[in-house]
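Please open the structure in your viewer and keep the selection tool at hand. The tour below proceeds stop by stop, stating what to select and what is found there.

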Amino acid sequence: MTPKTLPCPEAQLRDIAARWPTPFHLYDEKAIRAAARRLRDAFAWNKGFRNFFAVKAAPNPYLMRILQEEGFGADCSSLPELILSERVGLPGEAIMFTSNDTPAEEFAKAKALGANINLDDISHIPFLEAVCGLPERVCLRYNPGPLKGGNAIIGKPEEAKYGLTRDQLFEAYALLQAKGVRRFGLHTMVASNELNPQYFVDTAILLFDLAAELHDRLGIWFDFINLGGGIGIPYRPEQDAVDIEAVGEGIRKAYAERVTGRGLPDVPLCFECGRCITGPAGYLVSAVRHLKHTYRDYVGLDACMANLMRPALYGAYHHITVLGKPGPCDHVYDVTGSLCENNDKFAIQRPLPEVVPGDLLVIHDAGAHGHAMGFNYNGKLRSAELLLREDGTVTQIRRAETIDDYFATLDFSALPTFK
Ligand SMILES: *Cc1c(COP(=O)(O)O)cnc(C)c1O
């Protein structure tokens with residue numbers, strides 16, 4: 001069970017909604033720092049442990065600065081994400097570049113920043129070499145294929161587009177060695193939104209055994225082993241949060257057996273978690289615009305799927321609180337946005353207290369892959385992002401888009417005159 005709470009008293013939320021037009025995303029600094037420290041503490045036994053925050057989950061420099069203060073790096077997979085990390089002031093070693101189908105200029109930028117470059121394919125070795133020369137250290141992304149069971153969101157590893165096969169991995173490290181590379185990383189990412197702690201322990205075991213085999217066959221060892229992201233969060237109140245301490249302890253035991261227990265040197269471990277750090281700390285706040293009663297009862301919000309796409313994209317559940325109405329949940333609604341897509345629904349057949357126009361709805365767990373997935377289809381504009389500071393004050397960390405932003409890529413002055 002994970003009770004869904006608000007980040008501040010209701011009266012303060014109403015004050016914030018009076019100062020900034022709805023919809024907006026609100027992030028809770030205290031909760032972000034607590035999640036970061038919890039992950040860090042669970043791996044305090046591992047010297048050099050680091051989480052590279054997956055920038056795509058919440059690409060906002062103010063949030064990245066908070067995480068930088070907590071000792072986190074950044075996991076990037078595009079040129080803008082690399083530039084964002086650079087502008088936040090992260091040093092190269094704190095940047096992980098885990099991309100796929102990578103353009104040349106992104107490799108060049110990652111190398112210029114001194115980032116850890118993680119290759120998604122064996123063909124990227126000569127490609128990277130031709131673009132900018134191989135860096136001193138190269139990491140490879142492993143796809144275990146049928147050797148690892150599937151996970152609901154990311155799918156079965158053998159159907160996933162990412163990473164090198166097992167055979168390619170041995171070939172690729174040997175090729176890198178032949179090209180003079182002496183420092184290596186090993187990476188995999190096989191889960192997304194996974195709630196079972198054992199899944200992460202099993203992934204670590206898989207990587208530790210593989211690292212040992214690579215050591216035995218090729219004589220290489222690793223500067224780091226990266227276990228990827230994918231630690232899930234309890235979107236539904238009846239779900240339990242992942243026991244991060246159990247993950248840390250399970251991986252510590254596996255490490256003691258399969259790394260140091262084999263006489264192999266210590267190696268820093270890392271993760272690339274985004275969701276479990278900022279997800280539960282983010283709230284989408286929206287006002288009810290219209291009620292509509294046809295074959296179903298509809299609550300029409302001033303937010304739409306451009307502000308939070310997960311329900312439409314994955315059928316994902318996001319809990320909803322109606323401000324000032326603790327219950328009973330004796331009405332059943334489809335909660336929609338205004339986009340001309342019938343899947344623009346935040347909730348389908350959701351029991352809620354009776355709602356009226358003007359009510360404020362808080363959509364929970366929107367802090368990762370929420371605002372970040374926003375888009376402009378149907379002329380919808382992305383909302384502001386606000387940060388609730390530890391001292392209780394609120395700062396705007398991204399303004400809302402305007403119609404001028406929407407038209408910024410068009411040149412109306414070059415429009416041919418109507419004949
Ligand atoms: C998306 C992604 C992550 C982050 O996943 P979360 O579910 O937010 O933890 C980490 N690494 C890679 C390579 C990714 O694509």
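Helices and strands are runs assigned by DSSP, with at least four residues for a helix and at least two for a strand, and they are numbered from the N terminus. The model shown is predicted.

**First stop: a loop with a cis peptide bond**

Select β12 (320-322) and β13 (331-336), then the loop between them, where Pro328 lies. The peptide bond that joins Gly327 and Pro328 is cis, with omega at about -5 degrees. Most peptide bonds are trans.

**Second stop: another cis peptide bond**

Please move to the loop between α1 (10-19) and β1, and select Pro23 there. Here the bond from Thr22 to Pro23 is cis, and its omega is near -5 degrees.

**Third stop: strand β10 and its partners**

Continue into strand β1 (residues 24-28), and add strand β10 (residues 282-293) to the selection. These two strands run antiparallel and are joined by 4 bridges. To see one position in this pairing, select His25, which stands opposite Leu284 in β10.

Keep β10 selected and add strand β15 (residues 360-363). Again the strands run antiparallel, with 4 bridges between β10 and β15. Select Ser286 as well; its bridge partner in β15 is Leu361.

Next, add strand β11 (residues 297-301), which is antiparallel to β10 and joined to it by 5 bridges. How many residues does the hairpin from β10 to β11 pass through? The hairpin joins the two strands through 3 residues. Within this pairing, His290 stands opposite Gly300 in β11.

**Fourth stop: a positive phi**

Select the loop between β4 (95-98) and α5 (104-113), and find Asp101 in it. Most residues other than glycine have a negative phi. Asp101, which is not glycine, has a positive phi, near 50 degrees.

**Final stop: the ligand**

Now select the ligand, which sits in the largest pocket. Around the ligand there are 13 residues, of which Lys56, Gly230, Glu272, Arg275 and His369 come nearest. Which classes of residue make up this shell? The shell consists of 3 nonpolar, 5 polar and 5 charged residues.

Three contacts deserve individual inspection. Select Glu272: an N or O atom in its side chain is 2.5 Å from a nitrogen atom of the ligand. Then select His369, where an N or O atom of the side chain is 2.8 Å from an oxygen atom of the ligand. At Gly274, by contrast, a backbone N or O atom is involved, and it lies 3.0 Å from an oxygen atom of the ligand. Finally, display the surface of the protein around the ligand: on its own the ligand has 390 Å² of accessible area, and the protein covers 90% of this area.

Conventions. Residues numbered from 1 in each chain as written. Predicted model: local features only at pLDDT ≥ 70, side-chain atom pairs only at ≥ 80, totals over all residues. Heavy atoms only, no water. Near = heavy atom within 4 Å. Polar contact = N/O pair within 3.5 Å; in protein donor to acceptor, adjacent residues only side chain to side chain. Areas by Shrake-Rupley, 256 points an atom, 1.4 Å probe, with all protein chains shown as cover. 1 Å grid on protein atoms, 1.4 Å probe; cavity = no way out; pocket = protein on both sides within 12 Å on 5 of 7 lines; lining within 4 Å. Sits in = over half its atoms within 2 Å of the grid points. Nonpolar A, V, L, I, M, F, W, Y, C, P; charged D, E, K, R; others polar. Pairing = 2+ DSSP bridges.
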